Structures are given as structure tokens and as C-alpha cells.
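The following exercises are to be worked with the sequence and the coordinates at hand. Each task is followed by a solution in steps.

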Amino acid sequence: MKEIITGAEALMRALCDEGVKTIFGYPGGAIMPVYDALYDYTRGEKKAFNHILVRHEQSAAHAAEGYARVSGEVGVCLVTSGPGATNTLTGVADAMMDSTPIVVIAGQVGVAALGTDAFQEVDLVGVAQPISKWSYQIRRPEDIAWAVSRAFFIARTGRPGPVVLDFPKNAQVSTTEWQSCRVDFVRSYVPYPKVDETCLKEAAELINNAKQPLALVGQGVELGGAQAELKAFLEKGDIPAGRTMLGLSALPSDHPLNVGMLGMHGNLAPNVKEQECDVLIAIGMRFSDRVTGRTDTYARQAKVIHLDIDKSEINKNVHVDVPIVGDCKVTLPALTQLLRKGDHLEWKESFLPLMEREHNQVVIPAIHPTSGPLLMGEVVNAVAEATKGEAVLVTDVGQNQMFACRYFKYRRNRSVVSSGGLGTMGFGMPAAIGATFGAPDRTTCVFMGDGGLQMSIQELGTIMEQQAPVKMILLNNNYLGNVRQWQDMFFERRKSFTRMLNPDYAQISAAYRIGYRKVTDRADLAEAINEMLSTKGPFLLECMIREEDNVLPMTPPGKSVDEMMLSIEL
């Protein structure tokens, strides 16, 4: 007997078929039929989903990103048409830049009204196309199962990314015969390219003959679930490895071959040694400008091997001598099998003086100051020590992000959630909410500046309602700190509209019934962190930071990666 159901009901069943458990969303007029169907799927015998009502649609996308990044699953958000849909686009662009698999389902006016400038009508497919992996409008209810399955297949396979589904109201309320669908093939889309054996052999020969090899580890290792394969590769080749910001937890912080973070505010040793190595092995990273600095001077002395699943990244920013296109879960062990056992003791030891220099000149003053106001580095370090490398780190964007990524510790995979490519302020709090649902067994710590916190402060309402156990650390310096630092360094200290007038966060926390403590004296820091971590549910720890605390080291814009500054003279 045929089962006839509405398009809204078909969407619910299609999401169930994809194994969706959590949806982040915000209802509105053009998506109301779907929310009506969702009512039955969030309670009673039919319960399949946990719907998290955010306070702004952009936050729904960021929460879906946080969920996806820690769980390895596709994040899902559900919003209405017009402003509801366009509000998610910052999150879509963010997910595209950082290869995060999310599916955004947005309501739309009925097909008959398209192109009439109807109330809350926006050409979402056209707007989203350049910043998504796939953007599609579901015009008929009979296409829903296919479109949803295709969306999840595209989002999660190959190089992951965001997919946007535009769902006109007529398709939600019209009926169709229900038939499940499973898409596992899309013509012209090859998510996992066949590995070129010749390239593997060429790469192995270069590595086997290298005297000074250096690996650059990116988030692709985490996305591909190839953390064990990475360690096997590095250990057999005895290859030191620097990590990008989003690839930090792909290798444990205390691994002997870990030589630090790459990039503008990374560690001195790997940045300098990029300019000295004879073979550079990039694994699941895209040679971002924040990693390379000046590309015309970057690693000119080295033979470059690039392992990436996305062919378009090869030779995009840096010339590559040997490309290995494929899933690093496959390419790394294949390459490891061709390696001879390496021994690069002298090369590894050459990193130590640079590490010691940075440690003495930058790290010790940043995490163990002896006087003056609190510093961001010491707060991050204290939280890292208290959580013993087991927590999920979420950051907002700015100085808090750089300090947090530099001084946090990582023992487990998928432990870093930060806005890398797009640099989205306001990302931190909603992403942390998503992370608590994606990894409910882990502690989630989010570091935010006073600027970024206020960009998504309304999500304290979501935290209050869900009692999401987000541990929020506010590094409050009363400035848009990163911009202020650049103004001091490059704009003659002309602080143009970077000083912040902040509200009373104690009263705000009380209004949202969220645990709170303010720290101004470092003697109280350890006790306050212990209170935060031992409190069941959410907590906001406000730390009053020295106003002109600066992130160091730093490669100034327009400079080579080995021209890092360890101090700032103003």
C-alpha cells in the first residue's frame, strides 16, 4: 500500500535515514510546516531529534560547525527564508573555508511566488553557490529524499564542506509517496581520487634521501581520521612536524616529533626551519597566507611534497614538486610503506636552540609573569594544566584565539574548534554550544575576547535553556585586542575605535542564571578555574587582562616566515 505524506514529513524521514540526532535552528514563517512536523519528532514514541533553539541564525550555523568538528558527523541547521537564511551565510562561508561538513536547510516562498520579491524572498541558491559545496532548491516533494541524501553525501565525502538546501513552502505542504533514497554516487564528483603510484614512489625517494625533512600537518589529517597513520609515517621517517592552527590536535602536544605551531603567531622553530629544510611534506593543509608569509621567498630551497584530497589546492599558492592527491587515510600508509627507517637526530637537535630562545624570551614571560596584571597566556596555560590536555578547545577570533591555540595542550584528536580561514568573530560561543552536543563526554572550554563575546552574547540564552556545560573564559582587556596591536605596531599607535566599553558581566551572568566569577589577581586564578571546572553546567570566568598584552612571536605582514619578531618595540 502506498504511503502518502507531506514534504515536511518526508524531510523528517530523510534526516532520520542520514542518522541525524541533533538540529540547531530557529523557526519562521516559510519553514513553519517543517517545524510542525518536527514537533512529533522531538517528543514521545516518535522522538528522533534533539532540536536546539539558538537565538540567532548565524549561531545555528556556527553551532552546527562546532558539532561537526568534534563529532566527525555532519552538522545540521534549520532556518526560515529571507533574513533567516542570509543570517546563516557567514557560517556557510566559514564552513567552506575550514572544510566543515554542515547542511543548512532553509525555508523559501512557494515556487509560484519566486521572482516576485515576495515577503522574505531571497535567491538563496544564487547567493550561497560561491560559498558552498552544493546549493540546491527542492521544488517538488518527490525530490526531497534524493536531495537530502545527496546533500549529506556531498557534505561528508572528499574534502568536507557545507551544503545549502532551499526548501520552498509548496514542497513542504504538498504530498508525495514516501520512498527512501540512498545517494552514494554523483556523476562528475570524485570524492576520493585514485592515488598515483608513481607520485608515491617519487615522494618516497625524496624523503628517503632527505637530510633535513620537515612535515607540515593540517586539519586534513583530522578530517580524514588519519591521526594514527600520521604518527606511523613521522616515526618511521623520523620527521619533525609543525602543525597548522586547525591541525594542532592531529598530533599530541607532547609527541617528541612535534616542533610547534606554524604561521604568523606560531612557534619560531618550525617557521625558521621551513626556510632551511631540504624536503617539505605538506599533509592535509592548504598553504594559507597566514602560514606561508611571502610566497616568493617561502621554502625556495626545498623540494615540496603535497598530500591533499583536493586537487585544486595543488600548486595554488606554493609550487609543488610531487603532488599526492587522495585521502590521507590511504596515502599516508602507502607512502610510509615505501620509506626506509629514518634517523635525523642532528636535524632535530637544530630546532632546540630556537625553541629555547622562544621559551625564554616569549613563553616564560607570557605564562609565568611575576608582577602586573593578568596575561592571556597565563590564563590559557592555567586552564590547560587544569584540564590535563583532555578538554575540547574552542576559540573566538583575535588575540584570545592565538594565545589559546599556542598555550593549550592536546592529548586527544578533534580537540581544536576555531574559525581559521574566515576569522569570524562571534564564532566561539555558538561553536562551543555545538561542541558540547557533539562530544558530551568531554569538557568544552571556549576562550573569548570581550569583542567576540558581545557579537554572540545572545547565545547565553541558548546556554541557559539547554544548560549546555560550556566553560567560558572571557579574556577581557577592554579592547579589540588584535586590531589594537596592529594599530600600535603599524599605525603609529592611533587607536581608532578599538577601545570597548564593556557591560557588567556579573549582572548579565546572573540574569541568565549562569555561574560566574571575576578574577583580577593571579593569586585567585587557580581557585577560580577549579570552581569553573567543578561547577555542573555552564560557567563564565571573566579574567581582567593587561590592556596592552600582545601576541608574540609575530611575522609582520609582507615578511618571510623566518623574519619573526620575538618582541615589540614601540
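The exercises below concern a predicted model and treat aromatic pairs, salt bridges, surface charge and backbone geometry in turn.

**Exercise 1. An aromatic pair between distant parts of the chain**

Task: Classify the ring pair formed by Phe 24 and Phe 437, and place both residues in the chain.

Solution. A pair of aromatic rings is described by the distance of the centres and the angle of the planes. The count for the model comes to 13 aromatic pairs. For Phe 24 and Phe 437 the distance is 6.2 Å centre to centre and the angle between the planes is 75°, an edge-to-face arrangement. The cut-offs behind this step are centres within 6.5 Å and, for edge-to-face, planes over 60 degrees apart.

Next, the location. Phe 24 belongs to strand S2 (residues 22–25) and Phe 437 to helix H19 (residues 428–438); with their positions 413 residues apart, the pair links distant parts of the chain.

Finally, the exposure. Phe 24 has 0% relative accessibility and therefore counts as buried, whereas Phe 437, at 21%, is partly exposed. Both residues also belong to a cluster, linked by ring pairs, that includes Tyr 67.

**Exercise 2. An aromatic pair within one helix**

Task: Determine the geometry of the pair Trp 486 and Phe 490 and state where the two residues lie.

Solution. The ring centres of Trp 486 and Phe 490 are 5.4 Å apart and the planes stand at 80°, so this pair is edge-to-face. Both residues lie in helix H22 (residues 481–490), and their spacing of 4 residues is about one turn of the helix. Trp 486 counts as partly exposed because its relative accessibility is 22%; Phe 490 is also partly exposed, at 34%.

**Exercise 3. Three salt bridges**

Task: For the bridges of Arg 156 with Glu 18, Arg 69 with Asp 98 and Arg 499 with Glu 547, give the distance, the location and the exposure of each partner.

Solution. A search of the whole structure finds 30 salt bridges.

1. Arg 156 and Glu 18 have their closest N and O atoms 3.3 Å apart. Arg 156 is in helix H7 (residues 144–156) and Glu 18 in the loop between helix H1 (7–17) and S2, 138 residues apart. Arg 156 is partly exposed, with a relative accessible area of 34%; Glu 18 is buried, with 10%.

2. Arg 69 and Asp 98 meet at 4.0 Å, N to O. Arg 69 lies in helix H3 (residues 57–71) and Asp 98 in the loop between helix H5 (89–97) and strand S5 (102–108), so the bridge ties together parts 29 residues apart in sequence. Arg 69 has a relative accessible area of 5% and is buried; Asp 98, at 3%, likewise counts as buried.

3. Arg 499 and Glu 547 meet at 3.0 Å, N to O. Arg 499 is in the loop between H22 and helix H23 (505–511), and Glu 547 in the segment after strand S20 (539–544), 48 residues apart. Arg 499 is partly exposed at 48%, and Glu 547 is partly exposed at 29%.

A network of salt bridges also links Arg 484, Asp 488, Arg 493, Lys 495 and Glu 548.

**Exercise 4. A patch of charge**

Task: Which residues gather in the patch of negative charge on the surface, and is Glu 197 buried or exposed?

Solution. The patch is made up of Asp 196, Glu 197, Glu 202 and Glu 205. Glu 197 lies in helix H9 (residues 197–208). Its relative accessibility is 51%; the threshold for exposed is over 50%, so Glu 197 counts as exposed.

**Exercise 5. Backbone features**

Task: Locate the cis peptide bond between Leu 552 and Pro 553 and describe the positive phi angles of Ala 299 and Asn 315.

Solution. The bond joining Leu 552 and Pro 553 is cis, with omega about -5°, and Pro 553 is found in the segment after S20.

Ala 299, although not a glycine, has a positive phi of about 45°. Ala 299 sits in the loop between helix H13 (289–292) and strand S13 (303–308) and counts as buried at 5% relative accessibility.

Asn 315, also not a glycine, has a positive phi of about 65°. Asn 315 lies in the loop between S13 and strand S14 (322–325) and is partly exposed, with a relative accessible area of 44%.

How values were computed. Residues numbered from 1 in each chain as written. Predicted model: local features only at pLDDT ≥ 70, side-chain atom pairs only at ≥ 80, totals over all residues. Heavy atoms only, no water. Patch = residues over 30% accessible without salt bridge, like charges linked within 9 Å, V, L, I, M, F, W, Y side chains within 5 Å. Areas by Shrake-Rupley, 256 points an atom, 1.4 Å probe, with all protein chains shown as cover. Salt bridge = Lys/Arg side-chain N within 4 Å of Asp/Glu carboxyl O. Lys, Arg positive; Asp, Glu negative; His and termini not counted. Charge placed at Lys NZ, Arg CZ, Asp CG, Glu CD. Buried < 20%, exposed > 50% of the residue type's maximum accessible area, 1.4 Å probe, protein only. Phe/Tyr/Trp six-rings, centres within 6.5 Å; stacked < 30°, edge-to-face > 60°.
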